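Please read the following points alongside the coordinates. They deal in turn with the ligand site, the strands and some unusual backbone geometry.

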Amino acid sequence: MGMDADVIVVGGGLAGLVAATEIADAGKRVMVMDQEGEQSLGGQAFWSLGGLFLVDTPEQRRLGIKDSYDLALQDWMGAAGFDRDEDLWPRRWAEAYVAFAAGEKRGWLRAMGHRIFPVVGWAERGGADAMGHGNSVPRFHVSWGTGPGVVEPFERRAREAAANGRLIFKFRHRVDALSVTNGAVDGVSGTILEPDAIGRGMSSSRKAVGEFSLRAPAVIIASGGIGGNHDLVRQNWPQRLGTPPAHMISGVPAHVDGRMLGIAEGAGARLINRDRMWHYVEGIHNWSPIWPMHGIRILPGPSSMWFDAFGRRLPSPLFPGSDTLAQLQYIMHSGRDYSWFVLTQAIIKKEFALSGSEQNPDLTGKSWLATLRRATNKGAPAPVEAFKAKGADFVVRDNLAELVLAMNALSGENLLELAHLQRQIEARDREIKNPYVKDTQVMNIHNARRYVGDRLIRTAAPHRILDPAHGPLIAVKLNILTRKTLGGLETDLDSRVFGSNGEIIPGLYAAGEAAGFGGGGVHGYRSLEGTFLGGCLFSGRNAGRAAAKVAG
Ligand SMILES: Cc1cc2nc3c(=O)[nH]c(=O)nc-3n(C[C@H](O)[C@H](O)[C@H](O)COP(=O)(O)OP(=O)(O)OC[C@H]3O[C@@H](n4cnc5c(N)ncnc54)[C@H](O)[C@@H]3O)c2cc1C
């Protein structure tokens, strides 16, 4: 039987686009299938902030940051906490990926026109010890143009390949099965969905209008994770994180449905580390939603005070921006699935950033003028002010008594006592002027301000929360926001998928979130942030190059 392509790629997100462009560049014919329409090309990466984990870059050096492969690997291993037999390939992927991030990643992207915003962010700072979780130095490099700025070079290359006949897009083609002949994967079949002109990222029609069956000697699964499917998230939720949240919001579009992972598993592929996931605890309901249950993540600076639903301050080192998974674990054992930030106008102005390309029109639109206004504006960036005014999770009041009243009204639970909160905030405020401070969060604020990037744009000058000169007071009800899937299809360094018998399945490859960003879980338990897009780049590139070699 004739072949329809040399390689079929399932998924037109970042990982799929990277793999497909490598295949076309190698002179092979590639077909990219996606259940969504052309308007959603690029998948989640389009919506992302475009933050990239890079090591020892000119941007870091200009800011006085000393980074190295060894330090980054130490941080990665401390974050990952690999502790299982099936971590063999994830660990190998981790070593290779950190080398990529410290090596050719930046230059490879730059040669395609990608550029980086000069102030490097400091995400996931940890707070335990040198061998524990967290970035020892700032490494979060935001792409100029945010997520679309990451997708753009690959979309451009893919469209060029389409124009010269090496690449065929098959939109609204949903893969329902892999075809397997004599143990080797040699094609896909599925459903053609009706055309739908709905906007990018919105839920599209699932009405079937036909069927398809296509053959190729190699198939790459780049279908993303499970974050849009809350049933699957709850089903895979690990006991160590407590009971699954009753209420969750979605940090990803509905097409991140995890369906293809089950299909691959049904065809004999080995899915590992499915209990490892990366969800955020600073989720807020989008007042202008694009996808169902659309939530936005606050990327917080270090100064907001953090309380659980009962008004107990989160213990050290669970400060904003320190250790996402430990925060999730703490909150899910607190008896409620939400928590509170309490802060001032001075803090929100400098410290609140919102994750997502559409929430950062200045960076996404590559406007220096608009970006500079972040530093000179009277208020917070316009999208943050919009949330403050219209967001369902925000409470703004002039004094603490009224704030607590409004917080209780918002939760409908009356769990917060004014005197309890006041005691804790006043105690923290007493430490602000103390140079020999013992409050570890306040120490952390001073430490953050030793980094010029944080002092410039991410950390408010230390002040008393209850000082009216820095008001009004703001409380934000924080929800659990689903996002990334850390486990996935087990692969070797060529992105070839292992079968349940431990043998490579000929013809089958996986990349991006579907492969746990490489190996079936390159992050182990935790991420250092900015590692997901990079994981798509690295695993997509490996998959594309390897599949191109054997196909055709
Ligand atoms: C708001 C937001 C902010 C983010 N910020 C960052 C950041 O700053 N840094 C970072 O590193 N990461 C970030 N991420 C994460 C990162 O964007 C994603 O993990 C990554 O883009 C996933 O890419 P992917 O190609 O693996 O999957 P996806 O982007 O999910 O693409 C998969 C594609 O496969 C298609 N598909 C699925 N199943 C089928 C099927 N059966 N048949 C046909 N097609 C199918 C889907 O329709 C989709 O188009 C962010 C994500 C979001 C949503």
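1. In the classes used here, Ala, Val, Leu, Ile, Met, Phe, Trp, Tyr, Cys and Pro count as nonpolar, Asp, Glu, Lys and Arg as charged, and the others, Gly among them, as polar. On that basis the shell around the ligand has 15 nonpolar, 18 polar and seven charged residues.

2. Some ground rules apply to what follows. This is a predicted model, in which local features need pLDDT of at least 70 and side-chain atom pairs count only at pLDDT 80 or more, whereas totals for chains, interfaces and linings use all residues. Residues are numbered from 1 along each chain as its sequence is written, and side-chain values use heavy atoms, with hydrogens and water left out.

3. Which residues come nearest to the ligand? Of the 40 residues around the ligand (a residue is near a molecule or strand if one of its heavy atoms lies within 4 Å of it), Asp34, Gln44, Gly51, Val175 and Leu533 come nearest. Elements that each supply at least two residues of this shell include α1, β2, α2 (43-47), β6 (173-181), α9 (259-266), β18 (473-485) and α19 (531-550); helices (H or I, at least four residues) and strands (E, at least two) are DSSP runs, numbered from the N terminus.

4. Three polar contacts deserve a look, a polar contact being a pair of N or O atoms within 3.5 Å, where within protein one must be able to donate a hydrogen and the other to accept it, and residues adjacent in sequence count only if both atoms are side-chain atoms. A polar side-chain atom of Asp34 lies 2.6 Å from an oxygen atom of the ligand, while polar backbone atoms of Ala15 and Ala45 lie 3.0 Å and 3.3 Å, respectively, from an oxygen atom of the ligand. Taken alone the ligand exposes 1,000 Å², of which the protein buries 99%, with accessible areas from the Shrake-Rupley method and a 1.4 Å probe, and, for residues, only the protein chains shown counted as cover.

5. Asp34 belongs to strand β2 (residues 30-34), in which five of the five residues are buried, that is, under 20% relative accessible area, with exposed meaning over 50% and partly exposed in between (1.4 Å probe, protein chains only). In a regular strand the side chains alternate between the two faces of the sheet. In β2 both faces are covered, with Val30, Val32 and Asp34 buried on one side and Met31 and Met33 on the other.

6. Strand β2 has partners in both β1 and β5, where two strands pair if DSSP finds at least two bridges between them. β1 (residues 7-10) runs parallel to β2 over four bridges, with Val10 the bridge partner of Met33, and β5 (residues 167-171) is joined to β2 by five bridges, also in the parallel sense, with Phe169 the bridge partner of Val32.

7. Strand β18, in which 13 of 13 residues are buried, pairs with several others. β10 (residues 248-250) is parallel to β18 over three bridges, and Ile249 stands opposite Leu481. The antiparallel partners include β15 (residues 338-344), with seven bridges, and β17 (residues 394-397), with four; Tyr338 stands opposite Asn479 and Phe394 has Val476 as its bridge partner.

8. Why is strand β21 (residues 504-510) described as largely enclosed by the rest of the structure? Five of the seven residues of β21 are buried, so the description follows. β20 and β21 form a hairpin with five residues between them, and Gly502 in the turn has a positive phi of about 85 degrees.

9. Finally, the backbone should be checked at four places. The peptide bond from Ser316 to Pro317 is cis, with omega near 0 degrees, and a cis peptide bond also joins Gly471 and Pro472, where Pro472 lies in the loop between α18 (452-457) and β18. Glu124, although not a glycine, has a positive phi of about 40 degrees and counts as buried at 2% relative accessibility. Arg172, in the loop between β5 and β6, is likewise not a glycine yet has a positive phi of about 55 degrees, and Arg172 is buried with a relative accessible area of 6%.
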